[in-house]
Amino acid sequence: MSSGSGRIIPSHESDTDTVANPHRSVCLRIVPFLTLGFLAAYIDRVNVGFAKLQMLHDLNMDDAAFGLGAGLFFLGYVLCEVPSNIILERVGPRPWLARILVTWGLISTLSGLIHTPWLFHLSRFALGVSEAGFMPGALYYLGQWVPAARRARVIALFMLGIPLASVLGSPVSGWILAHLSGTGGIAGWRWLFLIEGLPPVLLGVWAWFFLPDRLSDATWLSPAQREHLARELAADGSAGHRNAELSAAFTDIRVWMIGIMDGAILLGLYTVAFWFPTFLHARIATGYGMLGLIVAIPHIAAAISMIVLGRSSDRRGERRWHLFLPVVVGALALGLCGLPGHGVVWLVVFGAIANAGLLGALPTLWTIPSTFLQGRAAAAGLAVACSFANVAGFFATSLMGAALTRFHDAGPVMWLFAAVAVVSSGLVFMIRAPQPTPADATPARDAEHERLREQMVQ
């Protein structure tokens, strides 16, 4: 095809010019919902760290009993993760994600009615069962819409729900404990569960009516845009030679490597999420409202890190070093958090670096499975890796609770978690998977470079 100036225009360059950017439309329509869902999930998962400040006395529990209860969430999560994602692949994302949101929101709200340690343990296990499948389901869903070269930055936007849960949830949780305690004769920690369990129910209702199941259902994209996205996603599949057999989710060693790395990262992340309010509360005499604001600082650092590292990984078309280096830095900072004698300032600084490094690596990690799995294997493989990794959540809570109860010292456990994270992150160099084309290398630019090279050869 030629232009008025006589320049030869590659056919796919003209296609790109005639198709308005569909990636932006997808991000605006789908990613905010998934981010809000993950935000709600993480708030309902970790707000128990704030509820603990009042709940232990009311339920007559110690740190070990609390740690066990918090860890039982992950046992329920692990048991149901794979079945949940297999069902999602069969029935479609819209009804199943809606079901997950509504059921976990209701169970979280009902947790405000518990009155014995046994019911606390049961409620946490039930919350894990009901929430199982949301994160791997969302990752699988994004893989049906977002090409590999753009996936790290989009997954970073989705996973912003993790730090935002603390940036927004910690001050809100602190405010609820400070201002609603005793209102209507109800304890503040009960208000915490009752209020913060409602948003996922509303999101689930929205998903049922408005979330598109597949690309062909996206009426807000033009036919040309849907075709353009379909070609890009098909090219990803052919380039990676991905396995679609369900058995690959269980037999491909790379799936288990992903799970090990994610689990090692989660050891550090859940230590900060569940226990940072306790560490700060022991060092500073302040109200719950101010405590919530201070707890938000490490999570603000993590949100910035996720966006920066996700964009950098896509722009450079590089995954391994964007995972390994942040994990090492974050793990070292986590180990420093465990040294005795820190004041509040240094504890917050080291906590911020640890959270930024560990959480900043997660979006890059979760771009890798879809480069060698597709279809039902991708749905199950993501769930296998997530469920295996979340065994770490049980240890991050139960081991820390036991250490604080028996030895009154969290340092050795944090050093252990830091060492595991550093060693495990090295597995990324053993995973054989195609690296993405840098996102900045557009088809038009590549075609132009090829044309100029051929002219030079002639």
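What follows is a short question-and-answer session on a predicted model.

User: Let's start with the overall fold. What makes up the secondary structure, and how much of the protein is buried?

Analyst: The secondary structure comes to 22 helices and zero strands. Of the 458 residues, 57% are buried. Among contacts between residues at least 6 apart in sequence, 83% join residues at least 24 apart.

User: Why are W145 and W220 called stacked?

Analyst: Their ring centres are 5.9 Å apart and their planes differ by 15°. A pair needs centres within 6.5 Å, and stacked needs planes under 30 degrees apart, so the label fits. W145 sits in the loop between helix 8 and helix 9, while W220 is in the loop between helix 12 and helix 13, 75 residues apart.

User: What makes W145 buried but W220 partly exposed?

Analyst: Buried means under 20% relative accessible area, and W145 has 1%, so W145 is buried. W220 comes in at 22%, and because partly exposed runs between 20% and 50%, that is the class for W220.

User: And why is the pair W256 and F388 edge-to-face?

Analyst: Here the planes are 85° apart with 5.4 Å centre to centre. Edge-to-face asks for over 60 degrees, so this pair qualifies. W256 lies in helix 15 and F388 in helix 19, so the pair ties together parts 132 residues apart in sequence. W256, at 29%, and F388, at 37%, both count as partly exposed.

User: How many aromatic pairs are there in the whole structure, and which rings link into a cluster?

Analyst: The search finds 19 aromatic pairs. Ring pairs link F38, Y42, F73, F74, Y77, F158 and Y270 into a cluster.

User: On to charges. How do you know that R94 sits over the ring of W208?

Analyst: The charged end of R94 is 4.7 Å from the ring centre. The distance limit is 6 Å, and the charge must also be within 35 degrees of the ring normal. R94 over W208 is listed as such a case, as is K52 over F66, at 5.7 Å.

User: What makes R94 and D213 a salt bridge?

Analyst: The N to O distance is 4.0 Å, and the cut-off is within 4 Å, so the pair counts. R94 is in helix 6 and D213 in the loop between helix 12 and helix 13, so the bridge ties together parts 119 residues apart in sequence. R94 is partly exposed at 23%, whereas D213 counts as buried at 16%.

User: Why are R153, D314 and R319 called a network?

Analyst: D314 has a salt bridge with R153 at 3.1 Å and another with R319 at 3.0 Å. Both distances fall within the 4 Å limit, so D314 links the two arginines. D314 is in helix 16 and R153 in helix 9, 161 residues apart. D314 is buried, with a relative accessible area of 0%, and R319 is buried too. In total, the structure holds seven salt bridges.

User: How do you know that R124 has no salt bridge?

Analyst: The nearest side chain of opposite charge, E131, is 7.3 Å away. A salt bridge needs a nitrogen within 4 Å of a carboxyl oxygen, so R124 has none. R124 is buried all the same. The residue sits in helix 7, and its contacts beyond four places in sequence include D44, R45, F73 and F274.

Key:
Residues are numbered from 1 along each chain as its sequence is written. This is a predicted model: local features need pLDDT of at least 70, side-chain atom pairs count only at pLDDT 80 or more; totals for chains, interfaces and linings use all residues. Side-chain values use heavy atoms; hydrogens and water are left out. Helices (H or I, at least four residues) and strands (E, at least two) are DSSP runs, numbered from the N terminus. Buried means under 20% relative accessible area, exposed over 50%, partly exposed in between (1.4 Å probe, protein chains only). Lys and Arg count as positive and Asp and Glu as negative; His and the chain ends are not counted. Contact means heavy atoms within 4.5 Å. Rings of Phe, Tyr and Trp (its six-membered ring) pair if their centres lie within 6.5 Å; planes under 30 degrees apart count as stacked, over 60 as edge-to-face and the rest as tilted.
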